[in-house]
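Thank you all for coming; I would like to walk you through one protein this morning, slowly enough that everyone can follow along on the screen. Please have a look at the sequence and the structure before I begin.

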Amino acid sequence: TVGGLMLVALYGYIKSHDLLAYSHAQQSAGFDHYFSFPWRGFQLAIGNIEQAHILSFLSVYNMIDLSAGLFMLGVLILAFVGPWSFRKEHLGYALYAVALYLMVLVVPSSGAYPLMALSRYVLEMFPAFMILAAIGQRRNFNLYYLGLCLPLLAFMVLQWVTGGLAI
């Protein structure tokens, strides 16, 4: 948390005379991450999808990360409004998920994959999966979710097996 972040910043200052050395390492290590507005990664991903062929790996990869980000945004909105929203005593869960979501979105990559690994990072937002579990009590939702996720799983496994980028 804040204390741990301060200790890491202090360590970076002692070693390299830079309080934000952990952040600057993301820019210089080939990841090309930089601070920006949360919607900037979505804009860049949409631009990359429009420029590339629709079935190219670049477009498909960006579509998967973009859809994961937008899907998680919808689930996080449901954490605050709607029949599946958290009660006041559990509101901290929703705030944690929003903070984590924003933390991932404010550092897009300037390369071909601006939302690099967003589909992995959203797995850490466990309160969103609590909302999905509440929605999943309806049988139809489970069938639709399974029908969507099985082809995605097959695509990702084929990417990994054939030596493509692991999403």
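**A walk through the helices**

What you see here has eight helices and zero strands, and please keep in mind throughout that this is a predicted model. If we read along the sequence, the pattern is therefore simply α-α-α-α-α-α-α-α, as it follows from how helices and strands are assigned. For a sense of scale, the C-alpha trace spans about 55 × 45 × 30 Å along its principal axes.

Let me start with helix α1, which covers residues 2-16 and so has 15 residues, numbered from the N terminus. From its first C-alpha to its last, α1 reaches 21 Å, and that is close to the 21 Å expected at 1.5 Å a residue. Just after α1 comes His17, and its phi is positive, near 55°.

Now to the surface, where I would ask you to find Leu70, Leu73, Ile77, Phe80, Val81, Leu91 and Leu95, which together make a nonpolar patch of about 590 Å². Two elements, α4 and α5 (91-105), give two or more residues each to this patch. Which of the elements gives the largest share of the nonpolar patch? That is α4, with three residues, while Leu95 is found in helix α5. As a general reminder, an α-helix has 3.6 residues a turn, so residues three or four places apart point the same way.

The last stop is the second largest pocket, which holds about 510 Å³ of space. Of the 18 residues that line this pocket, the closest to its centre are Ala68, Tyr145, Cys149, Leu152 and Met156. Which helices supply at least two residues of the lining? They are α4 (57-78), α6 (118-121), α7 (126-135) and α8 (139-161), and α8 gives the most, with six residues. When we sort the lining by class, we find 15 nonpolar residues, two polar residues and one charged residue.

To close, please notice that α4 has come up twice, once in the nonpolar patch and once in the lining of the second largest pocket.

Technical notes: Residues are numbered from 1 along each chain as its sequence is written. This is a predicted model: local features need pLDDT of at least 70, side-chain atom pairs count only at pLDDT 80 or more; totals for chains, interfaces and linings use all residues. Side-chain values use heavy atoms; hydrogens and water are left out. On a 1 Å grid over the protein atoms alone, a cavity is a set of points where a 1.4 Å probe fits but cannot get out, and a pocket is an open set with protein on both sides within 12 Å along at least five of seven lines; lining residues have an atom within 4 Å of a point. Grid points are joined across faces, edges and corners, and a volume is the space filled by probe spheres set on the points. Helices (H or I, at least four residues) and strands (E, at least two) are DSSP runs, numbered from the N terminus. Ala, Val, Leu, Ile, Met, Phe, Trp, Tyr, Cys and Pro count as nonpolar, Asp, Glu, Lys and Arg as charged, and the others, Gly among them, as polar. Patches are made of residues with over 30% relative accessible area and no salt bridge: like charges are joined within 9 Å, nonpolar side chains (Val, Leu, Ile, Met, Phe, Trp, Tyr) within 5 Å. Accessible areas come from the Shrake-Rupley method with a 1.4 Å probe; for residues, only the protein chains shown count as cover. A salt bridge is a side-chain nitrogen of Lys or Arg within 4 Å of a carboxyl oxygen of Asp or Glu. The expected span of a helix is 1.5 Å times one less than its number of residues.
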